[in-house]
Each structure stands twice: as C-alpha cells, then as structure tokens.
Amino acid sequence: MENFRYCSPTKYIFGRDMEKETGKEAAAIGAKKVLIVYGGGSAVRSGLLDRVCESLRNSSIEFVSLGGVQPNPVDGAVRKGIEICRSESVDTIIAVGGGSVIDTAKAIALGVPYSGDFWDFYSGKAIAKEALPVGVVLTIPAAGSEGSGNSVITLESEKIKISLRTDFVLRPKFAIMNPELTVTLPAYQTASGIADMMAHIMERYFTPTENVEITDRVSEGILKAIIEEAPKVMSNPQDYQARANIMWSGTLAHNGICGTGRKEDWASHAIEHEISAMYNVTHGAGLAVIFPAWMTFMAKRNPGKIAQYARRVFDVKETNDEAAALEGIDCLKAFFGSIGLPVTFAELGIANPDISEMVRRLHINKGEVIGGYLPLRAADTTEIYRLAL
C-alpha cells in the first residue's frame, strides 16, 4: 500500500423529501445569494426546482438560475454561468441534476474568482486553488460528482473533453440525495449510470500497487452489490430500496475511498472521452463498450488483477489467469447486455468510428503515454479501439 492523504468533506443528506433541506444546508455554509444550475425540463416538470426554490426562500436566500445544461457539458454554459454570478454577486452555486450539471456548476464556481479563462484549469495552464462553494441536489446516480473533486467539460469549438481532478477545492459542501428523484429516469439512462459507477471503481481497482486488500475488498463488495441491485432497478423502477442502494453506490464509487493507497489507471475513461467528444454518446454507454475492450487487451499482457476481478466479482472458477480474465470479461459483457447496454461500437450506434482521429486526439490531450495499470502508447490504444469493434 502506498502513502496517501484522504479528505472527503462533503456532507450527505440522504432519503425521502430531503430536497426540502436545501435552504437549510445552503444557509449553514453561509450562502446569501445562489445560482441554481440545472439541465433539461425534468427538474421543472417534476416540481423539484420549485421545491428547491421554496426551500431557499424559507431560509431567506436569494437566487438566480441557469438552465439547459446538456449531457457531455460544454464550455458555453460555464461561461454564461460565470457572467451571471459576477453580475448578480452570487456567492454559492447549487447544482440540481446529475453529473453534467454538477460538473458545470463546479467549473462556474472555479471560474468566478479567477481573472483569466476558466479553461486554463482544464488545459493545465492554471492550478485550482479557490472556488465558490458548491451544493448538490442529485437526480441521476452515475458520475459520482456529488462527492468528488472532479469536473469534466468539453471545449465545444475543438471537441476537446478534459477531466479536471482536484483533491479538495471542487468537492461539494453538501449533497442532497433522495432516491425517489431517480424513479422516472429512462431505463437507458439508469443503465448507463450503473456502468459509469462500475467504471469508476474499476479504474481504481486495476492497479499495479500490491498489498491493497482492504480497498480491493471494498471495491469488490460495491461492485457485487451493484450487480445484484441493478436488475431490481431495471425490472421495477419504483423499487425505492434498490434505487437507494444504487444511488449510494455511485457516490462511494467516486468519492475516493476505493482509490486510497493505490495507483489508479483511468485509461478507459480517457479513451472513452474521445468517443463522447466526437460522437456525443452517453458517457456510461461508451464505457460499457471500452472497458471490456481494455480488459481484453490487458488479459493477454497483465492478466493478474483482471483474473482476480473475475474470480471475486463474478465467481469464476478457472485457475489459469488469462482464461479466468477472459471468462470474467464475458461475464461483464453479459451483465451490461442484460441491462440494455451496448458492448461494441456498432451497438453504440457508431458503425465506422474514426479510430485514427480518436487516437490522435487522445494522445494530444492526455500525453504520449496513458494509464496506470500498464502504460499505453498510440499503438496500444489503437488496438483497444479496434477490440471494441
């Protein structure tokens, strides 16, 4: 196990009707005027936005709003939000939505006190040191952004999708999580969220670091729970307890606990980001295509951890590591298929992906070598994209 520092300061308020506590929690962190960031019309149609606004009024907190944040969020909404915050003297951001909304809110929070272009933080020209406080009312269990210091934004003009990772600055001050808010999600969105949270765990699980049994077992336990609860949610979207378990899994998958003391990988996320940047696919669905391809590549080169995953998560009995790894990959693909997710480019709706362009962009954006489990160069990532065909 490696040395580590871990701080997860987000306060979680979990359960039925907890969105009514938004004003109270915002007041507790000193909010006087809030920018509410939200996505499409569902927050309005469901009455959730009205309940959040009423809660803020009851705590004597002023607010303005920014709606229309899209999946795979882009820089335009961030720039608009920064402008609103500055002109309205906003001191706190509250995201009402899923990962795209939360990531946009974080980027706005980072950009407001900064004199330059907020994209400087994503391009590596500036280091995140301060931001407005962010609160979350979560509606989509998937990205885990409600408990992480990360934010992913696309520079729309150049189709560059970058993940910014911070230890502390961008972690939300509070996250309100009511599983009832997720029952109306489309099945495909629910399934894509499940793949996303599993991928967040697996990016940490597949590590070259040895003697990390505790976090191995934590990761395996959450993965097995997700695999058990997912069919319940898909067959009965009204199952509150299954929804609750899935929602909390998404947070635990990405609040950093599974990565303590170990080197992480993150190659599959980087590889997928080029797909969603170029083809605007759902991120979790793209991960369902790329992760088995990445694992297949690794099964022939560094099968040990893949085989352990197969045996402990899917109860594979095979004793040969490569054979066990490949059997585990088949199990993962079968699971994704059972909840309605694609596992190939064709199933994702991309018949002829431009692999050479994705590889070119990937290594411009992420460097000549990517990945922590086994370093990958352009020839390797090309093969992984091809394995996803």
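How many bridges join strand 5 to strand 8, and do the two run parallel or antiparallel? In this predicted model, strand 5 (residues 134-138) and strand 8 (residues 174-177) run parallel and are joined by four bridges. Within this pairing, Gly135 has Phe174 of strand 8 as its bridge partner.

## The sheet

The pairing of strand 5 with strand 8 belongs to an open sheet of six strands, whose order is 1-8-5-4-2-3 and whose pairing is parallel. Strand 1 (11-14) and strand 3 (62-66) each have a single partner strand and stand at the edges, so one side of each is left without a neighbour in the sheet. On average, and with direction ignored, neighbouring strands of this sheet are turned by 20° against each other.

## Helices on the sheet

Helix 4 (residues 75-88) packs on the sheet, where it touches strand 2 (33-38), strand 3 and strand 4 (92-97), and the direction of helix 4 makes about 160° with that of strand 3.

Helix 9 (residues 240-254), for its part, lies across strand 1, strand 5 and strand 8, and runs at about 170° to strand 1. Strand 5 and strand 8, the pair joined by four bridges, are thus among the strands that helix 9 lies across.

## The second largest pocket

The second largest pocket holds about 500 Å³ of space. Its lining consists of 23 residues, and those that lie nearest the centre of the pocket are Arg5, Asp167, Arg171, Gly256 and Glu264. Divided by class, the lining of this pocket has eleven polar, eight charged and four nonpolar residues.

How values were computed
Residues numbered from 1 in each chain as written. Predicted model: local features only at pLDDT ≥ 70, side-chain atom pairs only at ≥ 80, totals over all residues. Heavy atoms only, no water. Pairing = 2+ DSSP bridges. Axes fitted to C-alpha atoms, helices over the stretch in contact; angles between N-to-C directions. Contact = heavy atoms within 4.5 Å. 1 Å grid on protein atoms, 1.4 Å probe; cavity = no way out; pocket = protein on both sides within 12 Å on 5 of 7 lines; lining within 4 Å. Points joined across faces, edges and corners; volume = space filled by probe spheres on them. Nonpolar A, V, L, I, M, F, W, Y, C, P; charged D, E, K, R; others polar.
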